[in-house]
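Me: I have a structure open and would like to understand the words people use for it. Could you take me through the reasoning, one term at a time?

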Amino acid sequence: MNVERVIDELYGLRPSEFTAARDAYAAEARRAKDTRAAKTIAALRRPPLAVWAANLLARERPEEAERFLGLGEALREAHRTLDGEALREASRQRNRLVAALVRTTAGLAEEAGQHPSDAVLGDVETILHAVLALPDVAGPWAKGRLTAMPASAVGFPAAPEGTPPARPPAAARARKTPEEPAPARARKTPEAPAAARAEKARKAAAEAEATLVRRERERDTAREAEAAATEAARKAADRLRRAERERAEAEEAAAEADRAAAEAGTALRTADHALDEARAASERAEEKARRTEG
């Protein structure tokens, strides 16, 4: 059994379909006496909805995923070298791109028949930040095979106290003469607090962006709810008008029935009176006939 193909197929399924398909493949491997494949497949974890949605993004938008992974590499390199300008530019791109990809993921999930909540989309946002910061998350995500929620990684960790800036290229170090004075320690120490402040600002910016995304989703949800309520009110008004029309028609029919009943009552009384007169006339005729015969 081609285990890689099976894994790729399983993590492309919706979460509700995952377990049954996994168990079926594991059983197939056991029937084929492929013990290693059976154990590997049986151990696969069903991804939560947010993880599935993030995998869907990587699978359905490979070019966007590749650009996103490149941004993660740039961020990690800029942080490693404490390149302030590169960090600022990469951070600006990160905030915009994560927000856009969360919206793209929501649309892809809807097209696939899933309806992610705000909480699920918040988890997708966490996953994307982790993809940028953590290579061991970026690798499985790039293949669409992320299996579980990573630890929260909204921002990159602050540089440790005393971390020096990026070392110059080897050629530049070679040009340094023995008479060249070493940089004073006093000039290095402010860089770590500055890096920490910059990292704190980046985290605040990322959190503000995440809050903006959530507020936009809340606004969109409220807008949809308002539209649904307006449509429901319109339908209720239509039903009310139909009911009022039907009631008026029923009242008119009842009045007509009352009139018909009244006319029928009058006709019945007239018929009764005519019958009484006919009966009396018949009796008089019979009486007269008897007297004539006598």
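Reply: Happy to! This is a predicted model. Of the 294 residues of the protein, 28% count as buried.

Me: What makes the protein an all-α pattern, read along the sequence?

Reply: The protein has eleven helices and zero strands. Read along the sequence, that gives α-α-α-α-α-α-α-α-α-α-α.

Me: How do you know that lysine 33 is exposed?

Reply: Exposed requires a relative accessible area over 50%. Lysine 33 has 73%, so it is exposed. You will find lysine 33 in the loop between H2 and H3. Its phi is positive, about 65 degrees, although lysine 33 is not a glycine.

Me: What makes the span of H2 close to the expected one?

Reply: Helix H2 covers residues 15-31, which is 17 residues. At 1.5 Å a residue, 24 Å is expected, and H2 reaches 25 Å from its first C-alpha to its last.

Me: Why are the buried residues of H2 said to be on the same side?

Reply: First, the residues themselves: Pro15, Phe18, Ala21, Arg22, Tyr25, Ala26 and Ala29 are the buried ones in H2. They cover an arc of only 140 degrees around the axis, so they sit on the same side of H2. The face turned away from that buried side carries the exposed residues Ser16, Ala20 and Arg31. Covering the buried residues are, among others, helix H1 (3-10), helix H3 (35-42) and H4.

Me: How do you know that the buried residues of H8 line one face?

Reply: In H8 the buried residues are Val137, Ala138 and Trp141. Seen down the axis, they fall within an arc of 100 degrees, and therefore they line one face of the helix. Pro135 and Asp136 are exposed on the face of H8 turned away from its buried side. The buried residues of H8 pack against H4, H5 and H7. After H8 comes glycine 144, with a positive phi near 70 degrees.

Me: Why are H5 and H7 called oblique to each other?

Reply: Their axes come within 7 Å and cross at roughly 55 degrees. Angles under 35 degrees would count as roughly parallel, and roughly perpendicular runs from 65 to 115. The crossing angle of H5 and H7 falls between those ranges, so the two helices are oblique. On the H5 side of the meeting are Phe68, Leu69, Leu71, Gly72, Leu75 and Arg76, and on the H7 side Leu128, Val131, Leu132 and Ala133.

Me: Which residues touch the most other members of the largest nonpolar core?

Reply: Phe68, Ile127, Leu128, Val131 and Trp141 do, in a core of 30 residues. Helix H4 (49-60), helix H5 (62-81), helix H6 (84-111), helix H7 (118-133) and helix H8 (135-142) each supply at least two residues of this core. Another core lies apart from it, with 15 residues, among them Val3, Ala26, Ala38 and Leu44. In soluble globular proteins, nonpolar side chains tend to be buried together.

Me: What is tryptophan 141 in contact with, leaving aside neighbours within four places in sequence?

Reply: Tryptophan 141 is in contact with Ala54, Asn55, Leu57, Ala58, Ala65, Phe68, Leu69, Leu128, Val131 and Leu146.

Me: And how much of the contact count in the protein comes from residues 24 or more positions apart?

Reply: Counting contacts with a separation of 6 or more, such residues account for 75%.

Key
Residues numbered from 1 in each chain as written. Predicted model: local features only at pLDDT ≥ 70, side-chain atom pairs only at ≥ 80, totals over all residues. Heavy atoms only, no water. Core = buried A, V, L, I, M, F, W, Y, C linked by side-chain atoms within 4.5 Å. Buried < 20%, exposed > 50% of the residue type's maximum accessible area, 1.4 Å probe, protein only. Helix = DSSP H or I, 4+ residues; strand = E, 2+ residues; numbered from the N terminus. Contact = heavy atoms within 4.5 Å. Expected span 1.5 Å × (residues − 1). Arc of directions from axis to C-beta. Axes fitted to C-alpha atoms, helices over the stretch in contact; angles between N-to-C directions.
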